[in-house]
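Student: I am new to this structure and should like to understand the terms used to describe it. May I put some questions to you?

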Amino acid sequence: MTALPQPTILGKSLVRDLSALLGAGSVSAEPADLWASSRDCWPRTLLWTKAGRAPHPPDAVAWPRDVAQVQAIVRYAAEQGVALIPFGAGSGVCGGTVAVRGGIALDLKRLAGAPRVDLAARTVDAGAGLNGQRLEELLNAAGGTLGHFPSSIYCSTVGGWLAARSAGQLSSRYGKIEDMVLSVQAVDGTGALLQTIDGPSGGPDLTQLIVGSEGTLAVITGARLRIWPRPTGRWLRGVIFKSTARGLHALHQLMRSGLRPAVLRLYDPLDTLMAGKSGGAALHVPIPGALKALFGKGQREALRLALRAPMLMNRLVNALPGSSLLILGFEGEGEAGVEDARAEGEEALRLCREAGGDDQGSAPGERWLANRYKVSYRQSPLFSAGAFVDTMEVATTWDRLERLYLAVRRAVEGHAFVLAHFSHAYLEGCSIYFTFVGPGGQSTDESSAALGPLARPAQRAEAEREARAAESRYEACWRAALSAVCDEGATLSHHHGVGLAKQVFLPREHGEGMRQLRALKKAFDPKGILNPGKLLL
């Protein structure tokens with residue numbers, strides 16, 4: 001049972017002062033509001049919750065109604081030396097909005113007025129607080145699409161996408177969010193309003209400095225984004241390869257051919273099995289009895305036993321048939337949209353056959369499309385059963401891709417069960433999306449009983465020890481994985497951002513560039529109030 005954070009002396013002062021600035025109902029230090037803004041969807045915070053902890057609450061939560069109020073709050077925070085943490089919908093998975101130094105959680109969801117859509121110019125002006133799914137629905141009604149479909153689209157915002165350099169599931173065709181943004185509006189650490197220009201700029205690109213800065217340089221309040229006509233045709237297929245290596249060769253050839261698939265997702269053998277169970281494909285691959293126990297319904301004890309020996313389970317999986325599933329899709333627009341998508345798809349199938357692929361028909365692709373957002377909601381049952389689950393998305397060039405995949409698997413195999421898929425493919429390289437499943441301590445029922453009001457002291461102490469051990473195992477898994485990523489010269493993040501989860505490894509990626517980033521921080525945010533403790537800034 002988690003004890004809700006209580007209002008602090010600073011929090012009460014902030015409520016008084018900010019209420020005078022913003023009006024009634026715009027600021028709170030109520031325990032429930034502090035708890036809700038103390039975390040994002042970083043899986044480590046679920047371990048905190050199971051342990052009955054809320055270690056990093058803000059002192060207050062503010063909900064500005066417009067950009068002028070954002071400026072007023074920033075100026076106040078700078079004068080008082082109070083930390084300010086921009087907060088969108090809280091769907092980040094790297095701890096980017098955790099208030100490590102208290103202060104004000106700046107919730108931007110009220111900056112969500114009606115977007116201005118100009119389909120002829122192919123642009124939309126959107127507020128930072130606008131929900132992603134709502135934006136897409138409004139664009140669809142106007143005949144357009146952003147082409148940006150992250151798994152979190154139902155619970156993420158435009159500002160969050162920009163802050164973390166988000167990618168959608170169709171990024172091979174439409175690009176990532178930094179490819180879609182034309183200009184941004186933001187408030188720096190002094191309260192000054194920054195409005196970048198559309199299109200190419202002379203000298204350094206200020207837009208791209210702000211995008212991906214995770215609220216450490218400026219508070220993003222809005223953006224102009226590039227949009228597309230809504231597609232009129234779609235073509236989807238599943239293709240099976242006898243090995244992951246053959247599938248990767250096909251991905252590379254597809255991107256080099258000049259084709260631009262909307263969907264290009266290759267699952268490794270274990271993820272191929274999981275895709276079959278979750279609706280991504282209809283595959284009939286023999287599964288050893290131990291794996292049936294691990295993934296069967298109601299098998300909590302089997303899960304715990306399996307995760308006590310992750311090395312053994314990973315090597316068992318390595319002995320499975322090596323089939324890898326590719327989900328392949330194309331879109332077309334205008335009157336010829338259906339025919340264009342079909343023609344590109346057939347050419348892609350030809351290349352896949354040359355690489356040893358076996359066409360599975362449209363059913364696997366259609367099932368993936370119908371189930372593509374469900375993966376985001378499948379982690380909680382595993383946490384509840386006593387596991388931890390986390391994902392890591394990294395990227396590298398084609399020549400290093402398979403080596404990176406194998407290096408991370410080797411680094412993590414003693415810490416957690418590992419599966420992966422390759423997605424977000426581009427001319428130069430590709431992203432790998434790893435999933436780790438490891439021992440996370442007691443089940444939710446057990447931890448609730450051990451930490452509840454009727455628990456014995458010895459029971460409570462044992463639960464706290466187990467919670468600390470689970471968090472230590474989680475940390476060791478991540479250290480091993482990120483160290484392998486850096487050793488292979490890959491980037492630490494493709495689209496989830498850095499947050500608290502990855503920042504300690506930033507100097508290995510950026511080297512001397514860290515000194516320059518700290519100089520930028522001082523220029524944008526002289527008092528150091530904006531999301532302190534993130535990006536090592």
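Student: Which residues of α18 are called buried?

Tutor: This is a predicted model, as should be said at the outset. The buried residues of α18 are Trp398, Leu401, Leu404, Tyr405, Ala407, Val408, Arg409 and Val412. The term applies to a residue because its relative accessible area is under 20%.

Student: How do you know that the span of helix α18 is close to the expected one?

Tutor: Helix α18 covers residues 398-412, which is 15 residues. At 1.5 Å a residue, 21 Å is expected, and the helix reaches 22 Å from its first C-alpha to its last. The two values are therefore close.

Student: Why does Gln69 count as buried?

Tutor: The relative accessibility of Gln69 is 9%. The cut-off for buried is under 20%, so Gln69 counts as buried. This residue lies in helix α4, residues 67-80.

Student: With which residues is Gln69 in contact, leaving aside its neighbours within four places in sequence?

Tutor: They are Leu22, Trp63 and Pro64. Contact here requires heavy atoms within 4.5 Å.

Student: Why is strand β17 called largely enclosed by the rest of the structure?

Tutor: Strand β17 comprises residues 417-425, and 9 of its 9 residues are buried; it is therefore largely enclosed.

Student: What makes β17 and β18 a pair?

Tutor: At least two bridges are needed for two strands to pair. β17 and strand β18 (residues 429-439) have 8 bridges, so they qualify, and they run in the antiparallel sense. One example is Leu419, whose bridge partner in β18 is Thr435. The two strands form a hairpin with 3 residues between them.

Student: How many bridges join strand β13 to β17?

Tutor: There are 2 bridges between strand β13 (residues 263-267) and β17, and the two strands run antiparallel. The requirement is at least two, so these strands also pair. Tyr267 stands opposite His421 in β17.

Student: In what order do the strands of the open sheet lie?

Tutor: The 7 strands follow the order β15-β12-β14-β13-β17-β18-β16, with antiparallel pairing.

Student: What makes β15 and β16 edge strands?

Tutor: β15 (358-359) and β16 (387-397) each pair on one side only, and they are the edge strands.

Student: What is the average pLDDT of the protein?

Tutor: The average is 90, and 91% of the residues score at least 70. Over residues 278-298, however, the pLDDT is below 50. Beyond near neighbours in sequence, that stretch has 45 contacts in the model.

Note on methods: Residues are numbered from 1 along each chain as its sequence is written. This is a predicted model: local features need pLDDT of at least 70, side-chain atom pairs count only at pLDDT 80 or more; totals for chains, interfaces and linings use all residues. Side-chain values use heavy atoms; hydrogens and water are left out. Helices (H or I, at least four residues) and strands (E, at least two) are DSSP runs, numbered from the N terminus. Buried means under 20% relative accessible area, exposed over 50%, partly exposed in between (1.4 Å probe, protein chains only). pLDDT is the predictor's confidence in each residue, from 0 to 100.
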